[in-house]
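Visitor: Hi, I'm new to reading protein models. Could you walk me through this one?
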Amino acid sequence: MKLLTLNCHSWQEDNQLDKISILADDIAEESYDVIALQEVSQLIESEIVHGLVKKDNFALVLLGELDKRGVTDYTLVWDFAHIGYDVYEEGVAILTKHPIVEEHRFFVSKSHDQSYWKTRKILGATISYHDKPLTFYSCHLGWWTDEEEPFKYQVDSLMEQVTPESPFFLMGDFNNNALVRDEGYDYLLSKGLTDTFGEALERDSGITVRGNIAGWDENTVDLRLDLILSSTKIDVTSSQVIFNDGNKPVVSDHFGVEVVLAESNN
């Protein structure tokens, strides 16, 4: 099984359509089983296509690019977390090639006010994989030092609402540097989660942000913010950073993470 997570920084990038094209090329080439996307935006004023999804939804535009490449077997699930940059509905998405058995949507922030940019909502999809249920959550959490929206509260809320009946994966931008001890990353692991990066037989540095970006305006060090965590200890063939200008061109202010799970997990 092959997984991808990426914070898209959607509609905030220069040459955005070119970058969507690069992302579509990679998905067509790699044929990921499950893709988790964060900062997946659409204009508030845009026309609804179906459900909550509007015609300029970043993930829907991506599906259109995949369709041009003959890739038509992905299903999109999206939900709206909060207003971004005053004009966008920003949310999280999951794309998968496998049958979706159940969808999951829930807030993990103290705030449920979607006009407030710190409001956080999680999106999940339980899929049927080799006739077994697996659940994947696309996550975009807050910061360790935020007193208004404490990271610990969001993690506790998340773990209370995940689906324990089947193995699950938390994929996304956790806004906590995994290279720093005794903060958000270690708090996540204290919940019994396994970092696929640490289990991988082959892995790189894991760095997904270099320099200062939105939300990390004064950052001067390399960060590992984007993770794929598992509810159980599993065999992982590889974990590599992608879209970092070494492994595929940059498409966002975050790099992506691609993880290949060993066949022994099937």
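Guide: Sure, let's start with Asn175, which is buried, as its relative accessible area is 4%. Buried means under 20% relative accessible area, exposed is over 50% and partly exposed is in between, using a 1.4 Å probe and protein chains only.

Visitor: Before we go on, what sort of model is this?
Guide: It's a predicted model: local features need pLDDT of at least 70, side-chain atom pairs count only at pLDDT 80 or more, and totals for chains, interfaces and linings use all residues. Residues are numbered from 1 along each chain as its sequence is written, and side-chain values use heavy atoms, with hydrogens and water left out.

Visitor: Ok, back to Asn175. Where is it?
Guide: Asn175 sits in the loop between S10 and helix H4 (184-189). Helices (H or I, at least four residues) and strands (E, at least two) are DSSP runs, numbered from the N terminus.

Visitor: And what's its phi?
Guide: Asn175 has a positive phi of about 55°, although it is not a glycine. Phe243 also isn't a glycine, and its phi is positive too, near 60°.

Visitor: Where's Phe243, then? And is Phe243 buried or exposed?
Guide: Look in the loop between strand S14 (236-242) and strand S15 (256-261). Phe243 has a relative accessible area of 0%, so it is buried.

Visitor: New topic: how many aromatic pairs are there?
Guide: A search of the whole structure finds 7 aromatic pairs. Rings of Phe, Tyr and Trp (its six-membered ring) pair if their centres lie within 6.5 Å; planes under 30 degrees apart count as stacked, over 60 as edge-to-face and the rest as tilted. One of the pairs is Phe136 with Phe169, which is stacked, at 5.0 Å centre to centre and 5° between the planes.

Visitor: Which parts does that pair tie together?
Guide: Phe136 is in strand S9 (residues 132-140) and Phe169 is in strand S10 (residues 168-173), so the pair ties together parts that are 33 residues apart in sequence. Phe136 and Phe169 are both buried.

Visitor: What about the rings of Tyr137 and Phe168?
Guide: That pair is edge-to-face, because the ring centres are 6.1 Å apart and the planes are at 80°. Tyr137 belongs to strand S9 and Phe168 to strand S10, so this pair ties together parts 31 residues apart in sequence. Tyr137 counts as buried at 0% relative accessibility, and so does Phe168 at 7%. Ring pairs also link Phe106, Tyr137 and Phe168 into a cluster.

Visitor: Cool. Can we switch to helices? At what angle do H1 and H2 pack?
Guide: Helix H1 (residues 16-30) and helix H2 (residues 58-68) pack at about 60°, with their axes 9 Å apart. Axes are lines fitted to C-alpha atoms, for helices over the stretch in contact, and angles run from 0 to 180 degrees between N-to-C directions. H1 and H2 are therefore oblique to each other: under 35 degrees counts as roughly parallel, over 145 as roughly antiparallel, 65 to 115 as roughly perpendicular and the rest as oblique.

Visitor: Which residues meet there?
Guide: From H1 you get Gln16, Ile20, Ser21, Leu23, Ala24, Ile27 and Ala28, which meet Phe58, Val61, Leu62, Glu65 and Leu66 in H2.

Visitor: Last one: where's Gly70?
Guide: Gly70 is in the loop between H2 and strand S5 (75-84). Its relative accessibility is 58%, so Gly70 counts as exposed.

Conventions: Contact = heavy atoms within 4.5 Å.
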